[in-house]
Amino acid sequence: MLIRIPRPGDGPTSEITDESLYLRRRELMRAGALAAGMLLLPGCGRAATGDEEPGAGDGSATGDALTSFEDATSYNNFYEFGTGKKDPARNAHTLRTRPWTLEIGGECARPATLDVDALLAQQTVEERIYRLRCVEAWSMVIPWRGIPLAALLASVEPTSRAKFVAFRTLHDPEQMPGQKRRVLRWPYREGLRIDEAMHPLTLLATGMYGRDMPAQNGAPIRLVVPWKYGFKSIKSIVSIELVESQPPTSWNMSTPDEYGFYSNVNPRVDHPRWSQKRERRIGEWGKRDTLMFNGYAEEVGELYAGMDLRKNF
Ligand code: MTE
């Protein structure tokens, strides 16, 4: 995520997955899957039962290898902790993730103020492997843990006026020192159309690699919308509001000609300053083709039937 100077060439320290990490990763995956009774959605391959090893080290039925835990937690975008890729891992220890309260309100019959642990106790927690494609033309494949956003939204009973969902990150410059600099208008905001928010692929993630969410990845609760550019996946959420009109979003407010509301991964629509046709998978050499809707076209394509995706980028 960039303001004026593109840095898609920024690289992690290591491009190669260390073997011990790879083996540990597989153990973690097995443990996480067994604990949660691994359920993969159609986009991620077949439904797996608890006694299968998820993808034998693969990220999905497409054969994608998982990104190493090390890379996924040390090459981040979380501007509340600095704009460098390594800043969040270095600085996010100041975030206090418990107790943590999530407000859900707006156009609904049963608004709620929820403690994040109580929420997890109420809802079915699932493990899902999703690709995350950053607008900067790099990508990762991560085993997430979380609850479907649809289940949470249904529990507050949205009214017929709920057409969009607005999300907000914590605003506390003491805990999030990056908010003392005006690189974005704080707090970080994101939004989805209600059908996108209710889509079964949309996850409120509370962990990854079978562990609680690391602070730099958006603890204690973040969004993961795998068919959209990574910046839609807002971190450290404190508020979810059902609203009637399209809500303002941080990157769109900052640079509207570069970051639209929809932000669907689309190799046919370039960012004004660089191509979106290819991407660098973190931990791999070379580049690979970017897939329409990040490879989830079969699941989500119909949400955009009849829409001009060049206009609604
Ligand atoms: N959420 C907040 N609150 N602040 C941010 O700066 N960056 C976004 C998104 N969520 C961001 C955020 C961007 S640009 C990306 S690519 C993803 O988080 C990166 O997620 P990751 O660091 O877990 O890979």
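The following conversation concerns a predicted model and its ligand site, aromatic pairs and backbone geometry.

User: What should I know about the model before reading values off it?
Analyst: This is a predicted model in which local features need pLDDT of at least 70 and side-chain atom pairs count only at pLDDT 80 or more, while totals for chains, interfaces and linings use all residues. Residues are numbered from 1 along each chain as its sequence is written, and side-chain values use heavy atoms, with hydrogens and water left out.

User: Which residues are closest to the ligand, and how many surround it?
Analyst: The ligand is surrounded by 16 residues, each with a heavy atom within 4 Å of it. The closest are Y79, E80, R222, S233 and K235.

User: What is the make-up of that shell by class?
Analyst: The shell has seven nonpolar, six polar and three charged residues. Here Ala, Val, Leu, Ile, Met, Phe, Trp, Tyr, Cys and Pro count as nonpolar, Asp, Glu, Lys and Arg as charged, and the others, Gly among them, as polar.

User: Where does R222 touch the ligand, and what about N217 and T169?
Analyst: A polar side-chain atom of R222 lies 2.6 Å from an oxygen atom of the ligand. The side chain of N217 has an N or O atom 3.1 Å from a ligand oxygen atom, and T169 places a polar side-chain atom 3.0 Å from a ligand nitrogen atom. A polar contact is a pair of N or O atoms within 3.5 Å.

User: Moving on, how many aromatic pairs are there?
Analyst: The whole structure holds 11 aromatic pairs, counted for rings of Phe, Tyr and Trp (its six-membered ring) whose centres lie within 6.5 Å. Y75 and W138 form an edge-to-face pair, 5.1 Å centre to centre with 75° between the planes; edge-to-face requires planes over 60 degrees apart.

User: Why does that pair tie parts together?
Analyst: Y75 lies in the loop between α2 (69-72) and α3 (87-91) and W138 in strand β4 (residues 138-148), so the pair ties together parts that are 63 residues apart in sequence. Helices (H or I, at least four residues) and strands (E, at least two) are DSSP runs, numbered from the N terminus.

User: Which peptide bonds are cis?
Analyst: The bond from W186 to P187 is cis, with omega near -5°, and P187 is in the loop between β5 (164-169) and β6 (189-193). A cis bond also joins A219 and P220, with omega about -5°.

Conventions. Polar contact = N/O pair within 3.5 Å; in protein donor to acceptor, adjacent residues only side chain to side chain. Phe/Tyr/Trp six-rings, centres within 6.5 Å; stacked < 30°, edge-to-face > 60°.
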